[in-house]
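Colleague: Before I rely on the labels attached to this model, I should like to hear the reasoning behind them. Would you take me through it step by step?

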Amino acid sequence: MTTADIEAAGTGRTFALPVHAGALGTAARVVLGTVLIVVPVFLFSTLITFLLGAASGLNPAAGIAGDAATPETIARINAEFGLDKPVWQQYVDWMSSMLSGDLGVSWFSKIPVSELIGERLAVSASIAGVALVIGLVLGVGLGVLAAVYKGSLLDRAITAYTSVASTLPPFVISIGLILVFSVGLHWLPSAGYVPPDENFGRWLSLIIMPAIALSMDVVADIARQLRTGLVAELDQNYVTGAVVRGIGPSRILFVHALRNGSGPALSILGMKIPTLIGGAVVMETMFSMPGFGRLAADSALRGDVPIVQGTLVVAIVFVLFCNIVVNIAQSVLQPATKRRD
């Protein structure tokens, strides 16, 4: 053990500082167990993704060759994209290429799907990433304040906010933000996108409204769950024992109670990540941003199956990766007594 456990007198309950050898071993076991779950989920999800494209009956020949296409032209185009093979062989070829990083090419533009996604992914990542940061910072801050000042006017105000914010759809919040900050005050632009390396200030001014609209539900749920977890932890006997031993309130709150009480908030965070990805699609439409979601929606309307499949695969990988990270964080932050069970 690399850090000292603190044991409250007579309680038998222990808690540890953040760096703990047992925590590292637990994290390794969690990674292994999560991977054993994630791999079948990934394979099943990609199979469904492929079968949806195959079941759509869409074919690039009509769009490429036009209405005057001859049977020979159609056969040539199908052979070019491998659509003349049995479905099972198409799936095997698709999986083999995907696992090597090749998501295929667009039926109509002939541009590699990975290149198209790479160009658009930065927009969606900007919206979802900034929304996640806002959600974590404000959610943790409000949750801690509500727990520390339990029963006060501040606690009731935060509880009221979380109740209202969790019921408002992001597009409603977006409309309100546009009316106030774009139409009314003329402080922020309401549409467009500029890469951060080109003009960081402009990028931030374009991203902040969709990110805020997308983050409000995350803020509300994290604050609510963190307050619940912290209130329960602060009533535990080990906190009383730590106070008797002369440990400072800030250390008790941020080093021990926050660590042990953050489990529910982390679980909610893992559930909110897919919501952030899906919400980014709506935000891109409302704020006219050429993002990942717009690419998927436009390609679906056009019938460009390889792009739709590629965007779904990238979304699946991102969600599974984030859930692995959340599971590891939960195992590291898990109370020492539970790790030893």
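Modeller: Certainly. A helix here is a DSSP run of H or I with at least four residues, numbered from the N terminus. Val-183 lies in one such run, helix 7. Please bear in mind that the model is predicted.

Colleague: Why is Val-183 called exposed?

Modeller: The label exposed requires over 50% relative accessible area. Val-183 has 52% relative accessibility, and therefore counts as exposed.

Colleague: What makes up the nonpolar surface patch?

Modeller: The patch covers about 990 Å². Its members are Val-164, Leu-168, Phe-171, Val-172, Ile-175, Leu-179, Val-180, Val-183, Leu-185, Trp-187 and Val-282. Patch residues must have over 30% relative accessible area, and nonpolar side chains are joined within 5 Å.

Colleague: Which helix gives the largest share of that patch?

Modeller: Helix 7, residues 170-184, supplies six residues, the largest share.

Colleague: What is notable about the phi of Lys-110?

Modeller: Lys-110 has a positive phi of about 65°, although it is not a glycine. Most residues other than glycine have a negative phi. Lys-110 sits in the loop between helix 4 (87-99) and helix 5 (113-148).

Colleague: Why is Lys-110 called partly exposed?

Modeller: Partly exposed lies between the 20% and 50% limits. The relative accessible area of Lys-110 is 41%, so Lys-110 is partly exposed.

Colleague: How do you know that Ser-288 is partly exposed?

Modeller: Ser-288 has a relative accessible area of 42%, so the label partly exposed applies. Ser-288 is in the loop between helix 11 (263-286) and helix 12 (292-302), and has a positive phi of about 50° although it is not a glycine.

Conventions
Residues are numbered from 1 along each chain as its sequence is written. This is a predicted model: local features need pLDDT of at least 70, side-chain atom pairs count only at pLDDT 80 or more; totals for chains, interfaces and linings use all residues. Side-chain values use heavy atoms; hydrogens and water are left out. Patches are made of residues with over 30% relative accessible area and no salt bridge: like charges are joined within 9 Å, nonpolar side chains (Val, Leu, Ile, Met, Phe, Trp, Tyr) within 5 Å. Accessible areas come from the Shrake-Rupley method with a 1.4 Å probe; for residues, only the protein chains shown count as cover. A salt bridge is a side-chain nitrogen of Lys or Arg within 4 Å of a carboxyl oxygen of Asp or Glu. Helices (H or I, at least four residues) and strands (E, at least two) are DSSP runs, numbered from the N terminus. Buried means under 20% relative accessible area, exposed over 50%, partly exposed in between (1.4 Å probe, protein chains only).
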